[in-house]
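Let's take a quick tour of the pockets in this one. Have the structure open and follow along.

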Amino acid sequence: MHDFHFLDGELYCERVKVSDIVSLSGTPLFVYSRKTVSDHYRKLDTAFSSISHLICYSLKANSSIAICRILAEMGSGADITSGGELYKARMAGVPSERIVYAGVGKTRGEIEYALDSGILMFNVESVQELHLINETAGRMGERAAAAIRLNPDVEVDTHDYTKTGTSENKFGLAFEDAEKLFLEKSAFPNVDITGIHVHIGSQITSVEPYVESVRKVIGFAEGLRGRGVELKSLNIGGGLGIIYRDEKPSTAEEFAQAIVPLVEPTGLRVIIEPGRFIVGNAGIMVTKVLYTKKSPSRSFVVVDAGMNDLIRPMLYDAYHDIKPVHAAPPGAEDGVVDVVGPICESGDFLAKDRALPRVKSGDLLAVFSVGAYGFSMASNYNSRLRAAEILVDGERFTMVREKETYDDLVRGETGRFTKMCAGGNDFIVIDNRFGNYPDGTVLAARLCRRSHSIGADGLLFLEKGQDAGRLKMRIFNPDGSEAEMCGNGARCIAAFAYCKGIGSRKLNFETLAGLVSAEIIDGEVKLKMSEPAGLKLSLELSVDGRTYPASFINTGVPHTVLVVEDIETADVESLGGKIRNLPVFKPAGTNVDWVEVIDTNRIRLRTYERGVEGETLACGTGAAASAIVCSLLGKTASPVSVETRGGSILTVCFERGEKVTDVYLQGDARFVCEGSFDLSPSS
Ligand code: LLP
């Protein structure tokens, strides 16, 4: 059943002594056995091997990326119920074409994300949801695949909260309503509805209700086929029960022996969504005894894990076996106790009236069978930190999730920043839509200083725009001055807004230089720049008695471009500073670019940036300015690849008619890290 056992009075997970893990990591702690996870997956996979099937592990049981990765590598798919689970499944390497998405409350954003990821299918739970999926897919130019979740009205013997297949429950559709959807396919032109889904509940220990529900839905499927509906898959859900105490759940083989003969003749591909069966017995929670105490009527063992770590006893009156990690000597006396946590509620217990060997402060207790719905239902209630998770593999163990810190606890309540880089520039990006930071000037000067603070080429604010519903980018230089625009910064803002779910893949946003639009394409950001202005070719700049041929163009910010033979020999720092301050460019000043033309579609660039007052590794508006100037001088043609000092390549394309129009800048925009910088935003 699992790989936790006692040897010489010591609890082991596989070949690792549990107390050895605790001495490194402390308590409370979740410990998982890799072998138990993979054995259970294999059992089920083997049991169904005679028919076409796909196991979609149900992430809600335990969404640890490490566990999902083990299963993904064994061929498992994923049953998800939120955008967050989709994110984690993909991070664990579950291929999108093995992901099924159930749940009665999918949002438009989640549907977009799932379509974008190319998941196998939605398990649709309502007529309105199907309309939204159809409409969203149409708008995105995608095709959605769907199964309709049926509510078979089958009673199961489990806790009321985990029954899902009766007409009292919110899940699925009644057969007659579902039938209409299959027959009205033309109302949903962007959705292929070729599957049926049922899930009747959780912790079901006998096969009878499965047989009843599968019989019902197969009858329904045959009826549909008789009316010309094409069906490909039948998802029979999850819910297989496990042993917590003295249950006698049917085995994987018994389950398959009952189900396979029913589904085999249909030729449908069978999908199974087990969660608990795979991970339930694969995890324990280790907790330390803090105190023992008595009231006139009861004895309490107070431990350092509470209902925030394991809510099942409180929520479902669930039984979890508890044993001391160092087994009590034979014949040791038992006491009947309540094992309670530190939380200020009387419902905070792990066990009630439990016979346990006498324990004392400092003893370790193992709470069994918490691999499913243990950590995944944990919370920060009472501002408690969620526990660490350890994965044991033979004699090795790794921490697959750190214990939370006080910093994690205040995340979202302190100043959060994201460090990003694009085209060789680095930025600190802050979501300031709620105006938490009234003064970008001071903040930029403080945070951008390298060696003293986070350090960056600039501070980007994502703010509310002038127009309702529109976003705005503001950019501050490290000296605190505010710039009108920055091409690389704008690409970071677009990627930031998209990844944080604030903006869509195609986004228009305001800048001081006007409205810009951006699009995320294959992990890069393509930015439409404002129309170039102020063009002056063939300027003669006089500095220290020498004359430099140059051109000027404003691509959102002012740029002076010098085309040279070899940019390596350019005196960027000193000459750049002098050109930047020439009276002809006052009062705004200018950025200065040195360009070396490699061939018609490739140039190399070095830039002196105003505000930074020195050379930077890249400059998006500078790349655009240089590419356009070179083209106007007859040296290049769109598209132009621009090699920046930082080593990255930016692509600039534009149209050349009477004027230069439709200027685009495309290249990477990457997340580096996130963190918090201050406890009080105003300080
Ligand atoms: N598929 C669907 C659509 C589900 O809703 C669920 C679980 C599963 C599959 C996986 O069920 P499993 O094989 O793990 O039983 N928190 C409760 C269990 C809630 C189950 C929710 N749905 C507990 O701790 O007992």
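Which residues lie nearest the centre of the largest pocket? In this predicted model, they are Tyr113, Asp116, Tyr498, Cys499 and Gly501. Here's the rundown, one pocket at a time.

**Largest pocket**

- There's about 1200 Å³ of space in here, and 30 residues make up the lining.
- Sorted by class, that lining has 12 nonpolar, eight polar and 10 charged residues.
- Helix H5 (108-117) is one of the elements that supply at least two lining residues, and H5 in fact gives the most, with six.
- Also supplying at least two residues each are helices H4 (83-91), H6 (127-140) and H14 (487-499), along with strand E27 (514-521).
- On the domain level, domain 1 (103-272) and domain 3 (416-523 + 672-677) each put at least three residues into the lining.

**Second largest pocket**

- About 1100 Å³ of space lies in the second largest pocket, with 46 residues lining it.
- Look for Ser58, Lys60, Thr81, Glu85 and Tyr373 if you want the lining residues nearest its centre.
- Two or more lining residues come from each of helix H3 (65-73), strand E6 (77-80), H4, helix H11 (312-316) and strand E20 (396-401).
- The class split for this lining is 15 nonpolar, 17 polar and 14 charged.
- Domain 1 (103-272) and domain 2 (281-406) each contribute at least three residues to this lining.

**Where the two linings share contributors**

- Helix H4 supplies at least two residues to the lining of the largest pocket and two or more to that of the second largest.
- Domain 1 likewise gives at least three residues to the largest pocket's lining and at least three to the second largest's.

Conventions: Residues numbered from 1 in each chain as written. Predicted model: local features only at pLDDT ≥ 70, side-chain atom pairs only at ≥ 80, totals over all residues. Heavy atoms only, no water. 1 Å grid on protein atoms, 1.4 Å probe; cavity = no way out; pocket = protein on both sides within 12 Å on 5 of 7 lines; lining within 4 Å. Points joined across faces, edges and corners; volume = space filled by probe spheres on them. Helix = DSSP H or I, 4+ residues; strand = E, 2+ residues; numbered from the N terminus. Nonpolar A, V, L, I, M, F, W, Y, C, P; charged D, E, K, R; others polar. Domains from an automatic or database assignment.
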